[in-house]
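Thanks, everyone. I have one structure to walk through today. Let me put it on the screen.

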Amino acid sequence: MFSNDELKYLHRCIELATEALEAGDEPFGSVLVAANGTVLAEDRNRVASGDRTRHPEFELARWAAVNMTPRERAAATVFTSGEHCPMCAAAHGWVGLGRIVYVSSSEQLVTWLTELGVPAPPVRPLPIQEIVPGLVVEGPVPDLTEQVHNLHRRFYGIHRVNSTT
Ligand SMILES: [Zn+2]
């Protein structure tokens, strides 16, 4: 399991997810960390522009492909507020990035969205390891999960208010 030293990266992911929420985007945030603990890149969800592929994990995979050697990528860790979707897991696998640590799982997200009455997404949620076999994946992190759950509650609370006005 990940170390307490690494909790700060997950807290940063939740901060980025909160920033996304406050900017009108879905609440997801991710951080790319080198083997020595240096934060190399971070991003948040940016789908409000209309491009539904603007997930932070996809952006980090592209950033890694441009800026890191294959060896550096394999030794890096991606921390993220929510488990990678199949698109992002595939991008992560194609560029050869290393370990993933997520706060909440796709399975948890599906449960939450169902409870909130959100229609099913067009892409089926699957565990990362069904897309990238053999990858080291850690999560969910129970101590932080409720914070992410709350961000999704807030997002769909706002969304509902907007859609009825
Ligand atoms: Zn994604």
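How much accessible surface does the chain have, and what percentage of it belongs to carbon and sulfur atoms? The accessible surface is about 8600 Å², and carbon and sulfur atoms hold 55% of it. Those areas come from the Shrake-Rupley method with a 1.4 Å probe, and for residues only the protein chains shown count as cover.

Some ground rules. This is a predicted model: local features need pLDDT of at least 70, side-chain atom pairs count only at pLDDT 80 or more, and totals for chains, interfaces and linings use all residues. Residues are numbered from 1 along each chain as its sequence is written, and side-chain values use heavy atoms, with hydrogens and water left out.

Now the fold. Seven helices and five strands make up the secondary structure. Starting at the N terminus, the order reads α-β-β-α-α-β-α-β-α-α-β-α. The chain has a radius of gyration of 15 Å, close to the 15 Å that the globule rule gives for 165 residues, so it is as compact as a globular protein of that length. On terms: helices (H or I, at least four residues) and strands (E, at least two) are DSSP runs, numbered from the N terminus. The radius is taken over C-alpha atoms, and the globule rule is 2.2 Å times the number of residues to the power 0.38.

The C-alpha atoms fill a box of roughly 50 × 30 × 25 Å along the principal axes. Of the 165 residues, 48% count as buried. Buried means under 20% relative accessible area, exposed means over 50%, and partly exposed is in between (1.4 Å probe, protein chains only). Take the contacts with a separation of 6 or more: 61% of them come from residues 24 or more positions apart. A contact means heavy atoms within 4.5 Å.

Charges next. There are 14 positive and 20 negative side chains, with the centres of the two sets 4 Å apart. Lys and Arg count as positive, Asp and Glu as negative; His and the chain ends are not counted. Each charge is placed at NZ of Lys, CZ of Arg, CG of Asp or CD of Glu.

On to the metal. Which protein atoms are donors to the zinc ion? They are H55 (ND1), C85 (SG) and C88 (SG), at 2.0 to 2.3 Å from the ion. Their spacing in sequence is H-x29-C-x2-C. Donors are N, O and S atoms within 2.8 Å of the metal (3.2 Å for Na, K and Ca); water is not among the atoms, so sites may look incomplete.

C88 takes us into helix α4, residues 86–95, where the buried residues are P86, C88, A89, A91, H92 and V95. C88 counts as buried because its relative accessibility is 0%. What covers the buried residues of α4? The cover includes α2 (56–67), α3 (70–75), β3 (77–82), β4 (100–104) and α6 (128–131). After α4 comes G96, with a positive phi near 75 degrees.

Now a peptide bond to look at. G139 and P140 are joined by a cis peptide bond, with omega about -5 degrees. Most residues other than glycine have a negative phi, and most peptide bonds are trans. P140 sits in the loop between β5 (137–138) and α7 (142–163). One residue that touches P140 is S105, which also touches E83, leaving aside residues up to four places away in sequence. S105 itself is in the loop between β4 and α5. S105 is buried, because its relative accessible area is 8%.

Over to helix α7. H149 is in this helix. Is H149 buried or exposed? Buried, because the relative accessible area of H149 is 9%. H149 touches W112 and E115, again not counting residues up to four places away in sequence. R153 lies in α7 too. R153 is partly exposed, with a relative accessible area of 35%. R153 touches L116 and E146, on that same sequence condition of not counting residues up to four places away. From R153 to L113, 40 residues apart in sequence, the C-alpha distance is 8.6 Å.

Last stop, the loop between α5 (106–115) and α6, where P122 is found. P122 is exposed, because its relative accessible area is 83%. P121 is in the loop between α5 and α6 as well. P121 counts as partly exposed, at 47% relative accessibility. C-alpha to C-alpha, P122 and F2 are 32 Å apart, with their positions 120 residues apart in sequence.
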